[in-house]
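Me: Please give a close account of a single part of the model shown below. I would like that part placed in the setting of the whole chain, with the criteria behind each term.

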Amino acid sequence: YIEMATDVPHVTKEVELDSATRRREHGRFWCKKCSHARPPRAHHCSTCRRCIRKMDHHCPWVNNCIGQYNQKHFVLFCFYTLCLCLVALGILLRRGLTCGGDFSRFSKHASLACDMGSAEVLCYIVVFFSALVFALFTILMMFDQISGIVNDSTGIEMLQNSQSDEVRDWRQSLEEVFGGPPSWRWLLPLPYKRLNPKCMV
């Protein structure tokens with residue numbers, strides 16, 4: 001819910017400027033699509049119809065852009081989904097081995113628990129493969145996001161083969177996204193903490 005409700009840092013409408021100032025004003029660019037001043041590393045989202053700071057992609061899962069304020073929540077969303085998929089796979093595998101193998105003799109109530117109809121077997125198979133597919137997908141998305149954070153680049157910047165002018169250590173990038181030095185708070189979907197408010201718009 002936090003991922004969907006977090007308003008990504010978009011650029012607010014500014015006053016009309018003359019044509020010379022529209023192109024560049026104090027290092028900011030002008031977006032032709034939404035007629036807003038666009039800070040460095042901001043991109044226009046055609047779905048949200050606004051410019052998003054450090055936009056990675058527009059995610060249909062959460063119906064929101066993944067940007068500077070909610071990238072941590074998206075990484076945690078992928079991590080939590082992966083954990084739930086692994087738990088589901090573990091439970092299903094244990095039941096499959098208990099009921100389908102020679103392990104049934106170790107379980108006191110194995111015959112009662114393994115009495116499944118065709119509908120239950122179909123549900124078992126559907127849930128198993130759904131959990132497997134989502135586990136593989138979320139682990140790829142999570143490591144893609146972590147790789148982007150460590151390299152201080154977004155998905156759009158990787159596609160455009162462009163890099164940020166500011167050179168930062170990978171630790172600084174992680175601390176900016178996760179809101180401070182490494183701690184147990186990194187694993188909780190806490191609100192975004194602005195470490196350097198001067199660079200925000």
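Reply: The part chosen is the surroundings of D152, which counts as buried because its relative accessibility is 9%; buried means under 20% relative accessible area, exposed over 50% and partly exposed in between, with a 1.4 Å probe and protein chains only. The model is predicted, so local features need pLDDT of at least 70 and side-chain atom pairs count only at pLDDT 80 or more, whereas totals for chains, interfaces and linings use all residues. Residues are numbered from 1 along each chain as its sequence is written, and side-chain values use heavy atoms, with hydrogens and water left out.

D152 lies in the loop between α5 and α6 (155-159); helices (H or I, at least four residues) and strands (E, at least two) are DSSP runs numbered from the N terminus. Although D152 is not a glycine, its phi is positive, near 55°.

D152 also belongs to the lining of the largest cavity, together with R41, K54, Q71, G148, I149, S153, T154, R168, S173, E176 and V177. A cavity here is a set of points, on a 1 Å grid over the protein atoms alone, where a 1.4 Å probe fits but cannot get out, and lining residues have an atom within 4 Å of a point. The elements that contribute two or more residues to this lining are α5 (118-150) and α7. The largest share, three residues, is that of α7. By class the lining holds two nonpolar, five polar and five charged residues, where Asp, Glu, Lys and Arg count as charged, Ala, Val, Leu, Ile, Met, Phe, Trp, Tyr, Cys and Pro as nonpolar, and the others, Gly among them, as polar. The cavity encloses about 60 Å³, and one cavity of 30 Å³ or more is found; the volume is the space filled by probe spheres set on grid points joined across faces, edges and corners.

Helix α7 spans residues 170-178, and its buried residues are S173, L174, E176, V177 and F178. Directly after this helix, G179 adopts a positive phi of about 85°. Farther on, in the segment after α7, comes L188, which counts as partly exposed because its relative accessibility is 34%. Leaving aside residues up to four places away in sequence, L188 touches K72, L76 and Y80, contact being heavy atoms within 4.5 Å. Its C-alpha atom is 8.6 Å from that of H73, 115 residues away along the chain.

A second positive phi in a residue other than glycine occurs at R49, at about 60°. R49 sits in the turn of a hairpin whose strands, β3 and β4, have four residues between them, and it counts as exposed because its relative accessibility is 68%. Strand β3 (residues 42-45) pairs with β4 (residues 50-53) in the antiparallel sense over four bridges, pairing requiring at least two DSSP bridges. R53 in β4 is the bridge partner of A42. In a regular strand, side chains alternate between the two faces of the sheet. In β3 both faces are covered, with A42 and H44 buried on one side and H43 and C45 buried on the other.

As for the whole, the chain has seven helices and six strands, and 37% of its 201 residues are buried.

Key:
1 Å grid on protein atoms, 1.4 Å probe; cavity = no way out; pocket = protein on both sides within 12 Å on 5 of 7 lines; lining within 4 Å.
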